[in-house]
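Colleague: I am new to reading protein models, and I would love a close look at a single part. Could you walk me through one helix and what surrounds it?

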Amino acid sequence: MRFDVISIFPEIFSAYLNESIIKRAIQKDLININIHNLRDYAKNKHKSVDDYPYGGGAGMVMKPEPFFDAVDAICPDKEKRKVIMLSPSGSRFDQTMAMKLSGEKKQIILLCGRYEAVDERVTSILADEEISIGDYILTGGELPALVIIDAVTRLIPGVLGDEHSIEEESFSWGILDYPHYTRPPVFRGYKVPEVLLSGNHKDIQRWRRKEALRRTITRRPDLLVSRKEISNEDHELLKEIKEEELK
Ligand code: 9D3
């Protein structure tokens, strides 16, 4: 998979991309990431990439030409590229979108905006998709670009090592994680739940599933509501949780 990022702050990316899982994915040739400076595609002598908004108002708007020229220089063939504009007005990025992008055969080009806005022709004509990473205001599209590269890269076969169970992941998909503990068994008087020390694998599995469901129903009930179907085992555990909450 090939990612290209276009930004006026290309220095932001190296620290994150040159560590850990992403670094190994690059070394193993599973992904290839190219960071481009938008300013290199600014034509005028001041290399300006922004201008005043038509119609007036506060703040600056990013000009369309540098983005169009950068994308055409990186990949002139529309059929071979997927251009994504990072924008607070985009569709919210989630694991389903990450999965779809990880299966993408085209080169993924991520456009990062700064300032108040980007000329609408970039979003509506140059970009194939407009993506937001969530409902909070950031300073630009650079962190969102890193978030998308990170989430998509982890899903590429061969990227994650053995420490990571695909089977367990698909079982727990769409609900929150269960609580984890490590040594010591008693820390400042706070005990690790007895069942985890029992060695009874079935009991441990059941406890973990129940605590995962308890967290989900308490903190993120929306995740359970949008679930296609809930298994009989989960129904039973949810019933137990409900009865315990009444006590
Ligand atoms: C008052 C209008 N603001 C929109 C909410 C202006 C504005 C604020 C921040 C325009 C751009 C930005 C910079 N943010 C991004 O480029 C961005 C973003 C974000 O702020 N939150 C979540 N996802 C994303 S993706 C790109």
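Modeller: Happy to help; here is a walk along helix α6, with a short look at another pair of helices afterwards. Please keep in mind that this is a predicted model.

Let's begin with the setting. The domain assignment gives domain 1 as 2–153 and domain 2 as 170–246. The centres of these two domains, taken over C-alpha atoms, are 38 Å apart.

Helix α6 covers residues 142–153. You can check its length yourself: at 1.5 Å a residue, its 12 residues should span 16 Å, and the end C-alpha atoms are indeed 16 Å apart, so the two agree. Most of α6 is covered, with 10 of its 12 residues buried. Among them are Leu146, Ile148, Ile149 and Val152, and Thr153 is buried as well.

Let's zoom in on threonine 153, which sits in α6. Its relative accessibility is 0%, and buried means under 20%, so threonine 153 counts as buried. Leaving aside residues up to four places away in sequence, threonine 153 touches Phe3, Ile22, Ala25, Ile31 and Val159.

Now for the other pair. The axes of helix α8 (residues 201–219) and helix α10 (residues 232–246) come within 10 Å and cross at roughly 65 degrees. This crossing of α8 and α10 is right-handed. The residues making the contact include Arg206, Arg209 and Leu213 of α8, and Asp234, Leu237 and Glu240 of α10. Sorted by class, the contact of α8 with α10 has 5 nonpolar, no polar and 9 charged residues.

Note on methods. Residues numbered from 1 in each chain as written. Predicted model: local features only at pLDDT ≥ 70, side-chain atom pairs only at ≥ 80, totals over all residues. Heavy atoms only, no water. Domains from an automatic or database assignment. Helix = DSSP H or I, 4+ residues; strand = E, 2+ residues; numbered from the N terminus. Expected span 1.5 Å × (residues − 1). Buried < 20%, exposed > 50% of the residue type's maximum accessible area, 1.4 Å probe, protein only. Contact = heavy atoms within 4.5 Å. Axes fitted to C-alpha atoms, helices over the stretch in contact; angles between N-to-C directions. Left-handed = near helix turned anticlockwise from the far one by under 90°. Nonpolar A, V, L, I, M, F, W, Y, C, P; charged D, E, K, R; others polar.
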